[in-house]
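Hello,

Here is the structure I promised to pass on to you. Please open it next to this email, and I will walk you through what turned up.

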Amino acid sequence: MAFLRGSRGISLVLAAALAVAAATTAAGTQPRSRAAEEKVAAALRALAAESTVPSLDVLLTFRGPRGSSVAAAPSELVARAAALARIRAEVETRLERHGGRVLRRYVHLPILHVSLPAPTLGPLASEDLVVGISPNGRKTTLDAEGEGLIGVPALRTLGYTGSGVTVAVIDTGIDYHHPELPEGSKTILLADTADRDGDPRDTIGHGTSVAGVIAGLTTGVAPGARVAAVQVLSPTSAGTDADVLAGIDAVLVSVADGNPYDIRVANVSLGSYFVNGAPPPPGPCDVPAWDYKAAFDALLNANVLPVAASGNGGCTTGIAVPGCVSSALSVGAVYDGLVGTLSFGPRQCLVAGCSDDTRTEGIACYSDSGDRLDVLAPAHCARTAALGGTYNPCFGGTSTATAYVSGLAALLAQAEPARSALEIREAIRETGRPVSDPRNGITRNLVDAGAALARLRRPSPGTFEQTLFVPIVLDVEGRFGARFTTELTLGNRGVTPVTVEAAYTAAEALGASGSGRGSASLAPGENRVIPDTIAWLRDLQGLPIPPGPGQGGTLRVTFRGLSEPGAGIALARTTTTVCNGRAGLSYPGLSPERLSDGAALLFGLRETPEDRTNLAVANAGASGPVTLRVTLVSGERGDARRYVVPASATPPLAPGEWRQVDSGQLLRAAGFTNAWALVERTGGTGAFAAYAVFNDNATNDGSLVAAEPLARPETPLVLPVLVETPAFRSELVLCNPSGSAVSAVLTYVESLGVPRGASFSFAEPLAPGEQRRVPEAIAWLREKGAPLGPAGSGSFAGALLVSFEDSAGSPTAGFAAARTATAEAPGCAAGQGAFGLFYPAIALAATAGEEAWVTGLARTATLRSNLALVNASASAPVTLGVDVFDGLTGRLARTIESVSLGPLGWTQLDRILEGPGLTTGLARVYRISGDGRFLAYGVVNDGARAGERTGDGAYLPMTSAR
């Protein structure tokens, strides 16, 4: 194993550069945040403490663009490199302000090699784009035939030699004049990042021997594979972390250039320890080895498997860096046979060295071990190539073990070329014969070629299950000749195949029948759009559903084999034909935590000449009936009336049963025009779903109101957007469900019109139980004094922060929402209704801090999708990135980086699915910089372009926010 001696470690003491900023209280300054200190490697803090060190040679890891969950294509890597360059430019600007100087840049790694004045180490670490800062340590090198032990001959008999696969050997270079490793046919001269003379020829011997084990013509595990020489250690055995990272970057550059050499594996037989003379700590070292974590993540994203040595220090509590990074496949060493007694000199954890009476599968005494170790492989004695055309008769160490595994990975990549680097890693790691380490009791698998191949050749299911409850799918006739049908999207945003079971319960209230179960399978990343759910259940799933309209019911969708929790997607969109287009609403399948258990609230209900309101409930439980009571509360100020919907309208519901309370039994029966509702469970123990829909009386377009929990969180709430444009207007709904007067404190920030960025705050009193509906929200804000341009002078849009306070000024619960609708119905006669959507404000605590998903995006000849982003913070900016995935294949389709939003800033990314062949998709939104929270949502509009068809929007809330 080539050993990166001392690169990460000296005594752990607080750096003077950081202590300068941590002045005493008497001086009136504040201590530097712990977060900044934790971004600096302990060894670097110790180095900076030395007053004689004027500048530091460091590696700065910064926040780069997020990677795909599946292997990226070369074109995607090029796009990501461009995004990375934009972020790197901002980091360099900040670095210059701190007096730093760039020594080396990397094309595909979010890392900079810099020189930095020691006193500015702490301030630089405080920058939000900085992930971590490490010393650029110095490196030196350290100096069997194990094929039978790990089953390689069995793969060779099947014809697999590694042909068509290249392994990048990141080491001391390769002697490409050796007959085992001839230039061109065997060895590719890829990069020299150490002495930088353009020639990666090995003059030390270590890299040559490693390459010989991997792919030597007669000595290699994969004799048909090629090796790419990447020299990162110089002829004097010296090198740095910056050189190693540059070598990894060179591999990524080649892959992004179309991967002409078919590089699928990177062998990294290098290592070091954080502290010289101390045992490495247990667990992954992703912190503080930020740089190698970023580099190995980039390799995996490029579909290149990093295989790294565990280390030769004889340690039993942990392994060397970078093998300890969680992205690597780390390899420890065993003996492949009886080779006598072997002795080894002093090493990291063995002051006096060690010796072994060797035995087959016995773990070498020098091999580092710990909970982060992945697998074991042979180490002594491998006959392999040496310098000058000679042979090393007994090449050993974890370098050899790593080379065996890299060769095996090349065989597997040839045998199963469609499998990703992640899948190959898991196949190697999860198969083989268990071997227990007597030094610490840790058991790891000795790699087995045949078992790994068998694992790759069978589907590897995930282990997670998820159930979502879709409260209604239907095919029914409505008022004025409307016929409503439901489109269903089933999706899997994970990396394993899943099976989906759809349990349909026909709604007796509709006179429907044909309950039963259907099933489907989804590939990794697949989103399947089912245009007519009832027809799919009847015609393709074989359920006995009668033909024609009048059918509908609930759907319980269960995903099995998910690769991660919450990766299943079920999204319904119910629409009808109207005015030369379609109109309707969308709603996601409800997870158990989104279902109601006891009581729920529904806000925004109305009964006017323009709109009518229906309310629906369903038993979401799998066993036992539930009984529900619906109470309407008048939302008019000073009107304390309540109306209990007759029990005959909401009889006990069997499991899965759905029932709708029509408008004539709701607000019209109560004599209310403006109301909110309390839905309570009075019998049974199961969870239930409740929702309301107010329909435009002219267009039949529906706006869905989702249930809110009775125990609402205290504010603030973030309402994504209020708009006033030539085409759209927003209605604002504010509600105080309590029995006491409250004040709604509103802060609006303009993000579209003039003056952009203008902020306006005021308080609005609300009486007990009052629900205030403001039809023209932006015009109302002007009346309250908001510094907005006059109506008609342009388009206006912005987010609204809402806090509710009681008479003592203490936070209390409340509700805020908006309905954004067309100013008039496109495609309809003038004055004939409108099309729109309803969306609630989101509690600040429920917004995203790191990542959120928006699913159900669509693009067809009649549909377009927009994606909107909102900064939930009223005091700090945030920068977001967006990865858009093709819903058919799961592939990353495009990346949008550096979307900067000021406090409470809002922006919309129009036609987010623009691109050849992109018809359905999902977006991952993630924070690049800033400490604030954010939210995202999508809108599917009827009409491929603005002004076409109805323009009706279906609201897509974010999911899986964290």
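One term first: a strand here is a DSSP run of type E with at least two residues, and strands are numbered along with the chain from the N terminus. Two strands count as paired if DSSP finds at least two bridges between them. Please keep in mind that this is a predicted model.

With that in hand, start at a hairpin. Strands S3 and S4 form it, with 5 residues between them. S3 covers residues 101-105 and S4 covers residues 111-117; they run antiparallel and are joined by 4 bridges. If you would like one pair to click on, Val102 has Val114 in S4 as its bridge partner.

Next, the sheets. In general, the strands of a sheet pair through backbone hydrogen bonds, and they do this either parallel or antiparallel. Two sheets are worth a look here.

The one I would show you to begin with is an open sheet of 9 strands with mixed pairing, in the order S8-S9-S7-S11-S13-S14-S17-S21-S20. Its edges are strand S8 (187-192) and strand S20 (433-436), each of which pairs on one side only. On average, neighbouring strands in this sheet are turned by 35 degrees against each other, direction ignored. Within it, strand S7 (residues 166-171) runs parallel to strand S11 (residues 263-268), and 4 bridges join the two. Val169, for example, finds its bridge partner in S11 at Asn267.

The other is an open sheet of 4 strands, ordered S34-S31-S36-S37, and its pairing is antiparallel. Here the edge strands are S34 (658-661) and S37 (702-706), and each pairs on one side only. From one strand to the next, the twist averages 25 degrees. Strand S31 (residues 611-619) pairs with S34 over 4 bridges in the antiparallel sense. Leu615 is a handy place to see this, with Val661 in S34 as its bridge partner.

Finally, a single residue: Asp475, which you will find in strand S22 (residues 464-477). Is Asp475 buried or exposed? Its relative accessible area is 4%, and buried means under 20%, so Asp475 is buried. The side chain of Asp475 makes a polar contact with the side chain of Arg483, at 2.8 Å. Leaving aside residues up to four places away in sequence, Asp475 touches Arg483, Phe484, Thr485, Ile534, Gly548, Pro549, Gly550 and Gln551.

Enjoy exploring, and do write back with any questions.

Best wishes

Technical notes:
Residues numbered from 1 in each chain as written. Predicted model: local features only at pLDDT ≥ 70, side-chain atom pairs only at ≥ 80, totals over all residues. Heavy atoms only, no water. Axes fitted to C-alpha atoms, helices over the stretch in contact; angles between N-to-C directions. Buried < 20%, exposed > 50% of the residue type's maximum accessible area, 1.4 Å probe, protein only. Polar contact = N/O pair within 3.5 Å; in protein donor to acceptor, adjacent residues only side chain to side chain. Contact = heavy atoms within 4.5 Å.
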